[in-house]
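Biologist: Please take one part of this model and go through it closely, step by step. I would like the description to begin at a single helix and then to follow its surroundings outward.

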Number of protein chains: 2
Amino acid sequence: MSVTLKQLAASLGLSPTTVSRALNGFPEVNAETRKRVQDAAERAQYRPNTRAKSLATGRSMAIAHVIPVSTSHEIVNPVFADFIAGAGESYSRAGYEMLLRVTSDAEEAQTYRDLIARGAVDGFMVQAPKISDPRVDLLSEMGVPFVIHGRTSDIARPYSWLDINNQRSFRRATRFLIDLGHRRIALINGLEHLDFAARRRRGYLEGLESAGIGPDPDLMRQAEMTEPYGYRSLTEMMRLRSPPTAFLSSSMIVAYGLRRGLTDLGLRMGRDVSVITHDDDLSYLPNDGDVPVFTATRSSVREAGRRAAQMLLQLVKDPQCGPLTELMETALTVGASTGPAP
Amino acid sequence: MSVTLKQLAASLGLSPTTVSRALNGFPEVNAETRKRVQDAAERAQYRPNTRAKSLATGRSMAIAHVIPVSTSHEIVNPVFADFIAGAGESYSRAGYEMLLRVTSDAEEAQTYRDLIARGAVDGFMVQAPKISDPRVDLLSEMGVPFVIHGRTSDIARPYSWLDINNQRSFRRATRFLIDLGHRRIALINGLEHLDFAARRRRGYLEGLESAGIGPDPDLMRQAEMTEPYGYRSLTEMMRLRSPPTAFLSSSMIVAYGLRRGLTDLGLRMGRDVSVITHDDDLSYLPNDGDVPVFTATRSSVREAGRRAAQMLLQLVKDPQCGPLTELMETALTVGASTGPAP
DNA sequence: TCGTCAATTCAATACGGTTTGAAGATCATG
DNA sequence: CATGATCTTCAAACCGTATTGAATTGACGA
């Protein structure tokens with residue numbers, strides 16, 4: 001169906017060796033011959049067979065994202081898609097393929113081993129790390145390049161990661177609210193067995209502590225980040241004897257729920273109650289304009305995908321280039337959802 | 001690093017041929033020998049090299065999803081992720097890999113050609129088809145198996161697709177509102193150069209027409225489906241001299257915006273103004289409970305992914321099995337967001 | 001005992017590239 | 001002109017699997 005190297009060589013009266021070298025930029029090829037080969041390749045729409053190439057070179061030119069689907073926690077969320085898209089851009093640019101492998105929770109470790117044993121990929125991108133995530137040990141022991149989007153805790157072994165500064169970000173947001181006079185600040189967090197959520201909680205607690213405010217368990221929640229979760233959290237907390245005057249939310253969607261709760265109670269966001277949310281800068285959850293609707297800690301998850309992929313490719317090229325790490329700071333963009341404590 | 005067939009054969013004192021046949025279930029292998037080989041393969045954690053295998057068989061055991069990233073329209077939306085996840089489940093189960101290839105709008109056609117010419121994949125899943133989508137002709141002429149998630153119009157050539165009955169769904173939703181006494185019904189649609197949106201519009205118009213209601217351009221909008229878009233549409237339309245009493249929304253997120261607009265105006269959804277939305281049944285945009293918040297035309301996009309992938313795999317196995325098509329009906333689930341016209 | 005046949009196994013080749021080591025052509029040098 | 005060095009090209013081997021066609025073995029019937 002497609003032209004092969006051999007056919008191309010035959011049509012030129014050359015050996016496959018020479019054609020291969022001509023196309024791959026080896027120096028020992030006559031300039032005129034190279035030109036001739038390149039032109040012919042162009043005309044014939046020649047494309048080297050990926051499989052054959054990787055068999056010969058031993059590099060598969062592919063990166064896998066392993067996606068466990070479980071009943072307990074849904075990894076297929078809005079952030080997931082944008083991260084993938086960002087990473088995909090980097091892979092494409094570098095001539096790498098992206099393999100998405102959906103697997104069950106129970107088979108996850110075996111899936112990683114399989115992909116390597118079959119020579120299907122050169123490295124892994126690890127998403128949604130938990131606190132003390134076992135994948136770090138697993139992949140380290142396999143000796144395969146990998147990058148974690150996020151971090152994990154309580155792990156002695158060094159590893160490569162790209163994360164946003166969740167702790168600092170939420171500490172700062174908390175301080176921001178405190179500086180506005182708020183003392184009763186609620187945290188509407190994601191599931192805290194996930195590392196990012198645990199760090200946000202820590203930042204929140206630090207912020208409170210730095211102002212001498214003791215944490216109140218009634219003002220801290222964790223759950224899957226949905227709109228109804230935000231709504232429920234808000235309405236329930238506003239019924240407390242001493243309700244919060246400000247909320248810290250882990251996602252735009254949760255913030256939508258918070259806002260709805262407020263309106264239902266006849267309260268105005270930014271005046272009666274303040275809200276700060278984390279904003280992953282997703283195109284279909286916009287929060288821009290002259291004055292953004294929400295005051296937010298913003299960081300593009302798509303950009304994170306791009307960069308994490310670049311790190312991984314670098315690691316694949318030179319596994320010795322040591323654990324690479326990158327900590328992205330978030331931007332605290334002030335919008336209309338915050339104001340002085342009433 | 002990993003065991004090869006040759007090594008396994010040597011360790012057993014057998015030829016690679018026999019080992020290969022033993023593992024692949026050929027009948028001409030002695031039962032005892034087969035057992036011995038299988039045990040050894042198990043013990044050595046033998047996994048056939050994907051690349052070598054597909055080079056030898058000519059089948060790459062991979063399906064590609066090509067994702068164009070453009071400035072004009074964002075394909076990386078919530079629906080996209082869940083569809084991918086569903087399809088991935090089917091691929092995994094069948095031993096196929098899923099390749100995600102991010103490409104620019106301009107290079108899209110070339111990307112399809114490339115992947116085939118390089119022997120990287122056996123077929124394509126096509127997402128987010130436009131009206132009269134050029135990819136049908138492109139892929140048909142390439143003679144490669146593909147399935148479209150959705151449909152496209154004005155194309156004579158038959159092709160394989162899996163779609164939900166958008167037209168019927170929106171006609172029914174419109175009729176539902178009309179039966180409740182509504183006459184001024186607004187359509188807050190997605191971008192109508194996308195086929196699904198065009199069909200929804202058609203269904204909406206049919207519904208109106210069947211009741212003798214003429215369409216009103218002031219009550220029809222299309223745009224990227226975001227929350228602010230829903231909000232803006234609602235507030236603007238409610239300012240019309242004769243505002244709508246009901247809204248038809250193309251996505252949960254848009255419906256969130258509609259609801260917010262209503263509350264801001266002091267109107268109650270389901271009493272003062274009715275809302276029906278399409279619901280793709282995404283886990284992080286839940287709309288369930290005894291009485292769902294929104295009356296919705298519901299259809300799991302994840303399930304669509306599963307089925308579309310199965311269709312594609314069938315098509316890959318037997319390209320002659322003709323264009324396969326599947327039209328999934330949506331479920332009209334009645335929630336709290338609709339009521340008799342005031 | 002010999003030929004036939006079925007049951008097993010194997011050597012050789014193919015898939016489409018890359019890479020190694022050697023060979024042929026060209027050139028300058030003494 | 002012989003020698004060696006430099007360019008340029010090529011035949012052959014290799015990557016890890018599947019498959020074709022032939023070889024080996026043992027059982028069976030004549």
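**From helix α1(A) to the DNA strands**

Modeller: Helix α1(A) is followed by G13(A), a residue whose phi is positive, near 70 degrees. The model under discussion is a predicted one. The helix itself spans residues 5–12 of chain A, and its buried residues are L8(A), A9(A) and L12(A). Why can these residues be assigned to the same side of α1(A)? They cover an arc of only 100 degrees around the axis, and therefore they lie on the same side of the helix. On the other side of α1(A), the exposed residues are K6(A), A10(A) and S11(A). The cover over the buried residues includes two further helices of chain A, α2 (16–23) and α3 (31–43).

The domain assignment sets this helix in a wider frame. It divides chain A into domain 1 (5–47), domain 2 (62–163 + 301–328) and domain 3 (166–300). Taken over C-alpha atoms, the centres of domain 1 and domain 2 of chain A are separated by 37 Å.

The DNA comes next, beginning with strand D. This strand is surrounded by 27 residues, the closest of which are T17(A), T33(A), L5(B), S20(B) and N49(B). Helices α2 and α4 (50–57) of chain A each supply at least two residues of the surface near DNA strand D, as do α1 (5–12), α2 (16–23) and α4 of chain B. Which element gives the most to the surface near DNA strand D? That element is α4(B), with 4 residues. Sorted by class, the surface near strand D consists of 10 nonpolar, 12 polar and 5 charged residues.

The strand D atoms that lie within 4 Å of the protein can also be divided by type: 62% belong to sugar or phosphate, and the rest belong to bases. Individual polar contacts fall on bases and on phosphate. The side chain of S20(B) places an N or O atom 2.7 Å from a phosphate oxygen of strand D. A polar side-chain atom of T17(B) is 3.1 Å from a base oxygen of strand D. The contact made by A52(B) uses the backbone, with an N or O atom 3.5 Å from a base nitrogen of strand D.

DNA strand C can be described in the same order. Around it there are 27 residues, and the closest are L5(A), S20(A), S15(B), T17(B) and T33(B). At least two residues of the surface near strand C come from each of α2 and α4 of chain A and α2 and α4 of chain B. The largest share, 4 residues, is that of α4(A). By class, this surface has 11 nonpolar, 12 polar and 4 charged residues.

Of the strand C atoms within 4 Å of the protein, 61% are part of sugar or phosphate, with the rest in bases. A phosphate oxygen of strand C is 2.8 Å from a polar side-chain atom of T33(B). Another polar contact to phosphate comes from N49(A), where a polar backbone atom is 3.3 Å from a phosphate oxygen of strand C. A base nitrogen of strand C is 3.4 Å from a polar backbone atom of A52(A).

Two loop residues of chain B deserve a remark on backbone geometry. Q45(B) sits in the loop between α3 (31–43) and α4 (50–57) of chain B. Its phi is near 60 degrees, a positive value in a residue other than glycine. With a relative accessible area of 44%, Q45(B) is partly exposed. The loop between β3 (123–126) and α7 (135–142) of chain B holds S132(B). Phi of S132(B) is also positive, near 50 degrees, again in a residue other than glycine. S132(B) counts as partly exposed, at 37% relative accessibility.

One last residue, S249(A), belongs to strand β8 (residues 246–249) of chain A. Is S249(A) buried or exposed? S249(A) is buried, with a relative accessible area of 0%. Its side chain reaches the backbone oxygen of S251(A) at 2.9 Å. Leaving aside residues up to four places away in sequence, S249(A) touches F170(A), I188(A), V254(A), A255(A), L258(A), I276(A), T277(A) and H278(A).

Technical notes. Residues are numbered from 1 along each chain as its sequence is written. Chains are lettered from A and ligands numbered from 1 in the order in which they are written. This is a predicted model: local features need pLDDT of at least 70, side-chain atom pairs count only at pLDDT 80 or more; totals for chains, interfaces and linings use all residues. Side-chain values use heavy atoms; hydrogens and water are left out. Buried means under 20% relative accessible area, exposed over 50%, partly exposed in between (1.4 Å probe, protein chains only). The arc is that of the directions from the helix axis to the C-beta atoms. Contact means heavy atoms within 4.5 Å. Domain bounds come from an automatic or database domain assignment. A residue is near a molecule or strand if one of its heavy atoms lies within 4 Å of it. A polar contact is a pair of N or O atoms within 3.5 Å; within protein, one must be able to donate a hydrogen and the other to accept it, and residues adjacent in sequence count only if both atoms are side-chain atoms. Ala, Val, Leu, Ile, Met, Phe, Trp, Tyr, Cys and Pro count as nonpolar, Asp, Glu, Lys and Arg as charged, and the others, Gly among them, as polar.
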